[in-house]
Amino acid sequence: MRYIVFILFTVMTNAAAQVMLKQGMMSLGPISFEGVNPVVKLLQIVFSPWVFLGLCTFVISMASHLYVLSKVELSFAYPFLSLAYVVVAIVAYFVFREDLNAWRIAGIAFICVGTVLIAQSGGRVHDEETASLSSDKIHSEIIR
């Protein structure tokens, strides 16, 4: 549980990136590749301010996630990313006025319950010895 701050940072930056990408795509309007060079159009999309900021935030989120994966079990850390769905749904409701109906609320509740159950299992922390043993085991399996 000592890496939970980093896990939650990963979740929040992932959700923030999604919101920025949505804002960016809304500001660009409907996308059409008709009559334009697709590469030029793609570059216009990528370098529009909100989309670019969202992509940069994804890179930060991924760096944080890689750090977490170096410290705790994947089966513990990865399910926490589902909390990004919860954050995005709530932010989308307030910022973009998207629908948050009973089915979505039920789904959010299930995600939260599942995440709490996984958190209760505790994530085993990787130590240096375990990491090197795992690396040696993988290397020997590859050689076979």
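How much area does the protein chain expose, and what share of it do carbon and sulfur atoms supply? In this predicted model, the exposed area comes to about 9,900 Å², and carbon and sulfur atoms supply 69% of that figure.

Let me begin with the overall layout, since some of you are meeting this structure today. The protein chain contains seven helices and zero strands, so that, in the order of the sequence, the pattern reads α-α-α-α-α-α-α. Of the 144 residues in the chain, 24% are buried. When we consider the contacts with a separation of 6 or more, 79% of them are between residues that stand 24 or more positions apart.

Before going into detail, a word on confidence. The mean pLDDT of the protein chain is 90, with 85% of its residues reaching 70 or more. Confidence is highest in helix 3, residues 49–69, at a mean of 98, and lowest in helix 7, residues 128–143, at a mean of 60. Where pLDDT is low, the predicted coordinates should not be read in detail.

Now to the interior. The largest nonpolar core has 15 residues, and those with the most contacts inside it are Ile7, Val11, Val68, Val72, Phe76, Phe80 and Leu83. Two or more residues of this core come from each of helix 1, helix 4 (74–77), helix 5 (83–95) and helix 6 (102–121). As a general remark, in soluble globular proteins nonpolar side chains tend to be buried together.

One residue that I would like to look at individually is leucine 81, which lies in the loop between helix 4 and helix 5. Is leucine 81 buried or exposed? Its relative accessibility is 18%, and because the cut-off for buried is under 20%, leucine 81 counts as buried. Setting aside neighbours within four places in sequence, leucine 81 is in contact with Thr10, Val11 and His65. The C-alpha atoms of leucine 81 and isoleucine 7 are separated by 8.0 Å, although these two residues are 74 residues apart along the chain.

Let me finish at the surface, where Met25, Leu28, Ile31, Phe33, Val36 and Leu42 form a nonpolar patch whose accessible area is about 470 Å² together. Within this patch, valine 36 is found in the loop between helix 1 (4–28) and helix 2 (38–46). Its relative accessibility is 39%, and since partly exposed covers the range between 20% and 50%, valine 36 counts as partly exposed.

Technical notes
Residues are numbered from 1 along each chain as its sequence is written. This is a predicted model: local features need pLDDT of at least 70, side-chain atom pairs count only at pLDDT 80 or more; totals for chains, interfaces and linings use all residues. Side-chain values use heavy atoms; hydrogens and water are left out. Helices (H or I, at least four residues) and strands (E, at least two) are DSSP runs, numbered from the N terminus. Buried means under 20% relative accessible area, exposed over 50%, partly exposed in between (1.4 Å probe, protein chains only). Contact means heavy atoms within 4.5 Å. Accessible areas come from the Shrake-Rupley method with a 1.4 Å probe; for residues, only the protein chains shown count as cover. Patches are made of residues with over 30% relative accessible area and no salt bridge: like charges are joined within 9 Å, nonpolar side chains (Val, Leu, Ile, Met, Phe, Trp, Tyr) within 5 Å. A salt bridge is a side-chain nitrogen of Lys or Arg within 4 Å of a carboxyl oxygen of Asp or Glu. pLDDT is the predictor's confidence in each residue, from 0 to 100. A nonpolar core is a set of buried Ala, Val, Leu, Ile, Met, Phe, Trp, Tyr and Cys residues joined through side-chain atoms within 4.5 Å.
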